[in-house]
Amino acid sequence: MPPEADGPEVLIAGAGPAGLTLAHELARRRVRVRVIDRAAGPATTSRALAVHPRTLEACHQMGLADALVARGRPVVHFTVHARGRELIRFDTNYARLPTAYPFTLMLDQVLTEEILRERLAALGVGIEWGVELSDCAPAGSRVHAELRRAGRREQVTADWLVGADGSRSTVRERLGLRLVGEATRTWLNADVVVDTGLPRDSNHLVHTGSGTVLLVPFPGPAKWRAVDTGYAGQGAGPETVRHRLAGSLARGLGYPVAVSEPTWVSVFRVQQRMITAMRSGRCFVAGDAAHVHSPASGQGMNTGMQDACNLAWKLADVVRGHAREELLDTYAAERVPVGGRLLSTTRTATALVALRHAMAPVAMPVGLSLLKAVRPLKQRVEHRIMAGMSGLALHYADSPLTYGTAAGAAGIRPGHLVACTEADAARHPGHRALRQALTDPRWLLLLFAGEGGAELAPGYGRAVQVRAVVSRDSADGPALADPDGALRQSLGVPPGGWALIRPDGYLAAKGRRSGSAALAARLQAFHLLPAGPAPGAGA
């Protein structure tokens, strides 16, 4: 890590998934960070379980995906039960959503955070537990913050502040940002061991007659997260919850079900809220501090980690003098619309999971039987489910950092994620080389001409890796081999063209053969600066 200075370049309030992801990505880019959390220590219970494919693609770039997958449980089905029958089993359909992770990974949030903390420690960053941010105020080119620890107060000055401090965010409150939206139903979460014999590669939605119970498998044997959508204040004591779940599951599955005493119970209001601004001067908010979702589709932790990935590379480029400060305006420009779209999709998922309509017990079996019988229709529904849940369909086509979004263009369109399947990476050297290149934290400029832009490398090399793509079976030096042309074809780049990929894996722009001056102008339009004396951490 860089040598200590008067204060951190970035102060992060909150050591949950969003704060830890942000700290990791800043530290990986040699930005000096300080991470505080008002809790006495790491969480011992898991609010979130699902890690979706888009988040796993980001974790691959961070170097974390293998560690997460090794400790989690892939889930590839969603099964609906009622009146003792299995009505339908939805499968995954990633046919038009290429990813190396075609599943939802079930992994305790406690373990996800543990892996992030271990990697942060390896980067020289520790977490300061029991430290609460009690006040903050932007002050010109700095941010003043007041911290409290065991009754003592500390005044801290940082260049930037990020509030990843949850739905009751102090940072959001001090900045005058307000969550807007609605709180509707009351649900109950319980972590239990259930003896059902249900396949653990699936989530199971069990219609109980008066509501539903959603069962989500933990990685370990027999343990499930039970989400009771029919809860109406019947009590949350362990024995009451155990007895209610056992009865509800037995009615829906059609046989007696043994349920253990829960190890964790949470009664909560299903909230759909977000803010309309995520920046105020030198202060930002991310994760639950910026948006709160229903747990129906498991988006909360994933969205927070993706907020952090989006902000981290932009903030690092500005801190290290690689980009103008205007780049930071694109954080809210991109992530606020994502939050809005997610509120819409999770609101739909909440209604579908709850199945509160009086006609549901009659209409649901009929409708699902029809869907099951018409395979093409079922596949289309599966694709829509995956597109909404996986995060892979989210894009930045309307972003200020996207150039050229004409519909119908060949290959991946600007603003969309660049990814491939494991099979494509195994078969095609170009895809395999690109996956490795995307672990570099810089922008990536691919030159399919092999020249006519390579001279940009010295000028922008601190912020951009410039790679010539060649048709040879092997590549020397910084060249990237694409002997069968599969990479160029998937990107939709003409012979002799170029493609610019952002540090978070989204295609920013592509075009035909272009000289260095035009490419430099495109980089500058995205607020990047040529090499010069770098403030802060240096190169």
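How far away is the nearest side chain of opposite charge to Arg 320, which is buried yet has no salt bridge? Here are some friendly notes on that and on the two sheets; please keep in mind that this is a predicted model.

1. Let's start with Arg 320. The nearest side chain of opposite charge belongs to Asp 317, at 6.4 Å. Because a salt bridge needs the charged atoms within 4 Å, that pair is not counted as one, and Arg 320 is buried without such a partner. Its side chain does reach the backbone oxygen of Arg 29, at 3.4 Å. Along the chain, you will find Arg 320 in the loop between helix H7 and helix H8 (329-354).

2. Next, have a look at the six-stranded sheet. It is open, its strands follow the order S8-S2-S1-S12-S20-S19, and the pairing is mixed. Strand S8 (127-129) and strand S19 (279-280) are the edge strands; each has a single partner strand, so one side of each lacks a neighbour in the sheet.

3. At the S19 edge, the pairing with strand S20 (residues 283-285) is antiparallel and rests on two bridges. If you want a spot to find it by, Ser 280 stands opposite Cys 283 in S20.

4. Two helices go with this sheet. Helix H1 (residues 17-28) packs on it and touches strand S1 (10-13), strand S2 (33-37), S8 and strand S12 (160-163), with its direction at about 160 degrees to that of S1. Helix H7 (residues 300-319) lies across S1, S12 and S20, and runs at about 170 degrees to S12.

5. The five-stranded sheet is also worth a visit. This open sheet has the order S24-S23-S22-S25-S26, again with mixed pairing. Strand S24 (480-481) and strand S26 (507-511) stand at its edges with a single partner strand each, so one side of each has no neighbour in the sheet.

6. Within that sheet, strand S22 (residues 443-447) and strand S23 (residues 464-470) run parallel and are joined by five bridges. Leu 447 stands opposite Ala 468 in S23. Helix H15 (residues 516-525) packs on the sheet, where it touches S22, S23, strand S25 (498-501) and S26; the direction of H15 makes about 20 degrees with that of S25.

7. Finally, a word on Ile 385, a residue of helix H10 (residues 375-390). Is Ile 385 buried, partly exposed or exposed? Its relative accessibility is 30%, so Ile 385 counts as partly exposed. Its C-alpha atom is separated by 30 Å from that of Val 493, which lies 108 residues apart from it along the chain.

Conventions
Residues numbered from 1 in each chain as written. Predicted model: local features only at pLDDT ≥ 70, side-chain atom pairs only at ≥ 80, totals over all residues. Heavy atoms only, no water. Pairing = 2+ DSSP bridges. Helix = DSSP H or I, 4+ residues; strand = E, 2+ residues; numbered from the N terminus. Contact = heavy atoms within 4.5 Å. Axes fitted to C-alpha atoms, helices over the stretch in contact; angles between N-to-C directions. Buried < 20%, exposed > 50% of the residue type's maximum accessible area, 1.4 Å probe, protein only. Lys, Arg positive; Asp, Glu negative; His and termini not counted. Polar contact = N/O pair within 3.5 Å; in protein donor to acceptor, adjacent residues only side chain to side chain.
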